[in-house]
Structure formats: structure tokens, C-alpha cells
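Visitor: I would like to learn how to read a model of this kind feature by feature. Could you take me through the general ideas and then through the case at hand?

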Amino acid sequence: MDEPGWEVGPDDEPGAAVVAAVGRQIKAWREAAGMRAAEFGTAMGYSEDLICKVEGGRRIPRPEFMDGADGVLGAGGKLAAMKADIAEVRYPKKIRELATMEAVAVELSAYGSHNIHGLLQTEEYARVLFGMRRPAYSQDEVERLVAARVARQSIFSRSPAPELSFVQEEVTLRRHLGGRMVWRRQLERLLEVSELRHVEIQVMPTSRDEHAGMGGEMQVLKFKDGSAVGRSEGDFGSRPVSDPKYLRIIELRCGIIRAQALNPGESRAFIEQVLGET
């Protein structure tokens, strides 16, 4: 085995602190067991160098690594229990921050112009998207990002349920990313999600003469305390903003886009029509 885990992001200080603490615990258990790093590596099936990287907090250990270390070092479940501590930090910092906001949002409005919104993507569709990225991600990075994206979709089963509104550009429904079967399953997923009472999916037809979303993708998250965060591609440095004067602009555009798009019932019929054309 060459990779016992994932690298920690260079700007991920909170994640690095967690990984360093886990690494120190592994090292402490190894030394208590009277094993050298090389011996531990041999027992685990890894090189001494990689064991040192995990213990030094330079690698995020995978769950199976923690299980193996627990057994080899006789930790009685204490190391395996630390899988919960690294479950979130294995995802990139920006994705963790987004997932944290989505987990407490009471309302989400989003417009997608290039591909299906991440919360609506099937696992295989997400894998295709990350796999097409250039410069290319490593396979390990692709799987890490896919796992993070799928984990965010727990928002659909939250209780109380947040209000979720998505507008998808027609082209995102017609582009056969990943091939015909991947594309069909993605359309079926949209229809499945659209049946949820707290979810609205609308389609923006290519034939529209006016379109308020020509600036690119955008999203607004609203929270229980009345605060909100928005992001608009190409505006405000494409960074999340919470200043009311900037949020007003994004919310205005999202509202106009929803009004210009097909209503939810028409959109569902449109998706069914596209699916039937395959």
C-alpha cells in the first residue's frame, strides 16, 4: 500500500490540529506496545515513511487504518473510536465550511448553469465531473471529493426540513456527462428529489428571451437567526458574502430567475420529456 490516508490541506489549520492529535495518539500507543515505526509498518502493511507521516500529522488516516492500528497495538477500541474525529477533516476545508452552513440553513436557493447542483448529483455523476477536471485530480482526490459531496446530501433528510429551491439551466439536463446511463440515472434522481415536499426544482429553458442569470451560478443560504450567506459566480470575487447590500443583489437575481424559469410542475414534465427522449 502506498497511501494510508489523505494529505492535510496547507491552509487547513483546524483540520491539521485534529490530525496531529490523532497522530500523537497512534505514536503513543505504538511506543507503549514496544514497537518501532518500521515494525508497526510491517504489521500494518505500510512503509515506515508513511507510518511516520501519519504519526506526524502529515496524513489523514483512513478509517481502515485506524481499525488496523487498533488491532495491532491492542488499543481495545480506543484508536478505532477516533475515526469519528477524522470523519469530517478528511474532506477539504472549503467543503467542510459549506457543509456546516448547509447543515443549519433553513432555506437554500440555488441556480446552476454549467452542471447539476452538487446537492442533486448522483454519486457516479459527481465522480465523472471531478474526473474531468484539468489539471487532473488524482484518483484519491476524486474519491475524497465525491465522498464529501455525497455526505452533504444528508440535508434532504434533516428534521425539521429546510426549504430547498433549485433552478437548473436546460443544458445541464441535456449534456450526457458520463454517458447515457449515468445521465439517465441523474435525471431520475432529479425526479425523485422533486417529489419531496420541501424541495422545488425548476428548469430555465434555453429559449427564454430574457435571463437574469447570465452572470453564472449563484446560491443563497438563510439561517434561523435571520442571517444569510450568498455567493455569485463572477461577483464579489466569487466569495461568500453576508453584507446585506450584496445579499440583496444576489437574492434579487435568484428571485427573477425563479420567475423566468418553468414552474415546478412544468419543470418536472420537462425533465420527464428529456428522459423519455433517450
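Guide: Let us begin with a term that the loops depend on: helices (H or I, at least four residues) and strands (E, at least two) are DSSP runs, numbered from the N terminus. What we have here is a predicted model, and the secondary structure of its protein chain comes to 12 helices and 7 strands. With those names in hand, Pro-135 can be placed in the loop between α7 and α8 (139-152), while Pro-160 falls in the loop between α8 and β4.

Visitor: What kind of peptide bond joins Arg-134 and Pro-135, and what kind joins Ser-159 and Pro-160?

Guide: The general background is that most residues other than glycine have a negative phi, and most peptide bonds are trans. Here the bond between Arg-134 and Pro-135 is cis, with omega at about -5 degrees. The bond between Ser-159 and Pro-160 is also cis, and its omega is about 0 degrees.

Visitor: Before we go further into detail, how many residues does the protein chain have, and what percentage of them count as buried?

Guide: The protein chain has 278 residues, of which 44% count as buried, and its C-alpha trace spans about 75 × 45 × 35 Å along the principal axes. Its accessible surface comes to about 14100 Å², with 51% of that belonging to carbon and sulfur atoms. Among contacts with a separation of 6 or more, 72% are accounted for by residues 24 or more positions apart. As for charge, there are 38 positive and 42 negative side chains, and the centres of the two sets lie 1 Å apart.

Visitor: Turning to the strands, which way do β4 and β5 run relative to each other, parallel or antiparallel?

Guide: In general, the side chains of a regular strand alternate between the two faces of the sheet. In this model, strand β4 (residues 163-169) and β5 run parallel and are joined by 6 bridges; Phe-166 has Ile-201 of β5 as its bridge partner, and Ser-165 stands opposite Glu-200 in β5. Strand β3 (residues 105-112) likewise pairs with β4 in the parallel sense, over 6 bridges, and Leu-108 has Leu-164 in β4 as its bridge partner.

Visitor: How many residues of β5 are buried, and how many of β4?

Guide: In strand β5 (residues 199-204), 5 of the 6 residues are buried, so this strand is largely enclosed by the rest of the structure. Strand β4 is mostly covered, with 6 of its 7 residues buried.

Visitor: How should I read a helix, and what span should the 15 residues of α10 have?

Guide: An α-helix has 3.6 residues a turn, so residues three or four places apart point the same way. Helix α10 (residues 180-194) should span 21 Å at 1.5 Å a residue, and its end C-alpha atoms are 21 Å apart, which agrees. The buried residues of α10 include Val-182, Trp-183, Gln-186, Leu-187 and Leu-190, and the buried residues of this helix pack against α7 (123-131), α9 (170-174), β5 and α12 (264-276).

Visitor: Now for single residues: is Ser-232 buried or exposed?

Guide: The cut-off to keep in mind is that buried means under 20% relative accessible area and exposed over 50%, with partly exposed in between. Ser-232, which lies in strand β7 (residues 228-232), has a relative accessible area of 1% and is therefore buried. Leaving out residues up to four places away in sequence, Ser-232 touches Glu-217, Met-218, Ser-238, Ile-250 and Arg-253.

Visitor: Where is Phe-236, and what is its relative accessible area?

Guide: Phe-236 sits in the loop between β7 and α11 (244-260), and because its relative accessible area is 23%, it counts as partly exposed. Setting aside residues up to four places away in sequence, Phe-236 touches Val-241, Tyr-246, Ile-249 and Ile-250. Phe-236 and Phe-130 are 106 residues apart in sequence, and their C-alpha atoms are 25 Å apart in space.

Visitor: As a last case, which residues is Gly-23 in contact with, leaving aside its neighbours within four places in sequence?

Guide: Gly-23 is in contact with Val-54 and Glu-55 on that basis. Gly-23 belongs to helix α1 (residues 13-32), and at 1% relative accessibility it counts as buried. From Gly-23 to Arg-59 there are 36 residues in sequence and 8.6 Å in space, C-alpha to C-alpha.

Notes:
Residues are numbered from 1 along each chain as its sequence is written. This is a predicted model: local features need pLDDT of at least 70, side-chain atom pairs count only at pLDDT 80 or more; totals for chains, interfaces and linings use all residues. Side-chain values use heavy atoms; hydrogens and water are left out. Buried means under 20% relative accessible area, exposed over 50%, partly exposed in between (1.4 Å probe, protein chains only). Contact means heavy atoms within 4.5 Å. Accessible areas come from the Shrake-Rupley method with a 1.4 Å probe; for residues, only the protein chains shown count as cover. Lys and Arg count as positive and Asp and Glu as negative; His and the chain ends are not counted. The place of a charge is taken as NZ of Lys, CZ of Arg, CG of Asp or CD of Glu. Two strands pair if DSSP finds at least two bridges between them. The expected span of a helix is 1.5 Å times one less than its number of residues.
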